[in-house]
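Let's take a walk through this structure together. We'll start with the ligand and what surrounds it, then look at some empty space elsewhere in the protein.

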Amino acid sequence: MIVVMKAGCSQDEISHIATRIEDLGLKVHISQGVEHTVIGVLGKVFPELRDTLELLPGVDQVIPVSKPYKLASREFHPRDTIVQLNGLTIGGDEIVVMAGPCAIESEEQLLTTAQAVKAAGATILRGGAFKPRTSPYQFRGLGESGLKLLAEVGKETQMPTISEVMAPNNVDLVAKYVDILQIGARNMQNFILLDEVGKTKKPVLLKRGLSSNFQEWLLAAEYILAQGNEQVILCERGIRTFETYTRNTMDISAIPIIEKVSHLPIIADPSHATGKWYLVSPLALAAVAAGADGLLIEVHPNPDIALADGPQSLTFDNFRLLMSQIPTIAKARNRKLAIPSTMIKP
Ligand code: PEP
Ligand code: MN
């Protein structure tokens, strides 16, 4: 249930309503907009509450929220959430491209990739240091030394960074080095981890679980939002279907569906969705056409010898080609590519 306050209502009226709600054993979430203040009522609400709240001074209207996820729903927060990051916005007019290797392997590998993707127009540098691998014998990442490299290279190339955090007790460590915390598909329902990233002030990229439906995905986002972290970015990365030709099946419909039911930004990861480098660009463009707020793309200087996800990694040349094609498609959706930081005039 949400309580929409009248424009110009007083702070006392807001506090009074919050207290009344809390006295009933429910939780409140106050969101102060430019014109209206909206009070979210969280917990087991009963229908009569609507009549009670509607009569209180300062209240404009009380709207029941039908979805089990509240804070993540468009009903609760009609305007788009725009995540702010060092002058970049995610979820606004611009399309943000996050690119880099699946796994950080060495300083040289990361630096050359960062320079190449930035020159091609990527704005955020990705690189895994803690890698969730299907087999324990595969390369599982450089751990903290990888994060150090990511922070150094991010600084040198003036790119904000993103990396995955896999365990609740590693959140502080990863947050010390990166600008965006990534929750991988396999951990989408690791609820303790979601609570922990929700307690940080860093934006969180929440990937869709391997076989998760929209409701489960948005309830996972709800965990992060309920802890007070409003900077959540959703990422469609393909789901499990009967098809075996591709690594996963990219659910393009996720993009307009999320846009309809949630205010959170939604980006697409065609690398993990397809598992094949030659499918990455067509699906990246399709995601932009469908309205994605950004892309996450794996790029490697030499995919043939990559320690993780080589078959789906783009070469520098292929990444440049993709980036050159995005603006035409973006224009059809009234969007443009975000500009890398050093190109922004002071
Ligand atoms: C990754 O981004 O490298 C990754 C492991 O992604 P996912 O969680 O989508 O499999
Ligand atoms: Mn990968």
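How far does a polar side-chain atom of Arg186 lie from an oxygen atom of ligand 1? In this predicted model, the distance is 2.8 Å. Arg186 isn't alone, either: an N or O atom in the side chain of Lys131 is 2.7 Å from an oxygen atom of the ligand. Then there's Glu298, with a polar side-chain atom 3.4 Å from a ligand oxygen. On its own, ligand 1 would expose 300 Å², and the protein buries 97% of that.

Now zoom out a little and look at the whole shell. It has 13 residues, and among the closest are Arg126, Ala185 and Arg237. Sort the shell by character and you get seven charged residues, three polar ones and three nonpolar ones.

Which pocket does ligand 1 sit in? The answer is the second largest one.

So much for the ligand; on to the empty space. Rolling a probe the size of a water molecule over the atoms shows where such space is left. The largest pocket holds about 590 Å³ of it. This pocket is lined by 26 residues, and those closest to its centre are Ser31, Gly33, His77, Pro78 and Arg79.

Strands help build that lining: β1 (2–5) and β2 (27–32) each bring at least two residues to it. β2 gives the most, with four residues. As for the character of the lining, 12 of its residues are nonpolar, nine are polar and five are charged. Try finding β2 in the picture, and follow the strand to the pocket it helps to line.

Technical notes. Residues numbered from 1 in each chain as written. Chains lettered and ligands numbered in written order. Predicted model: local features only at pLDDT ≥ 70, side-chain atom pairs only at ≥ 80, totals over all residues. Heavy atoms only, no water. Near = heavy atom within 4 Å. Polar contact = N/O pair within 3.5 Å; in protein donor to acceptor, adjacent residues only side chain to side chain. Areas by Shrake-Rupley, 256 points an atom, 1.4 Å probe, with all protein chains shown as cover. 1 Å grid on protein atoms, 1.4 Å probe; cavity = no way out; pocket = protein on both sides within 12 Å on 5 of 7 lines; lining within 4 Å. Sits in = over half its atoms within 2 Å of the grid points. Nonpolar A, V, L, I, M, F, W, Y, C, P; charged D, E, K, R; others polar. Points joined across faces, edges and corners; volume = space filled by probe spheres on them.
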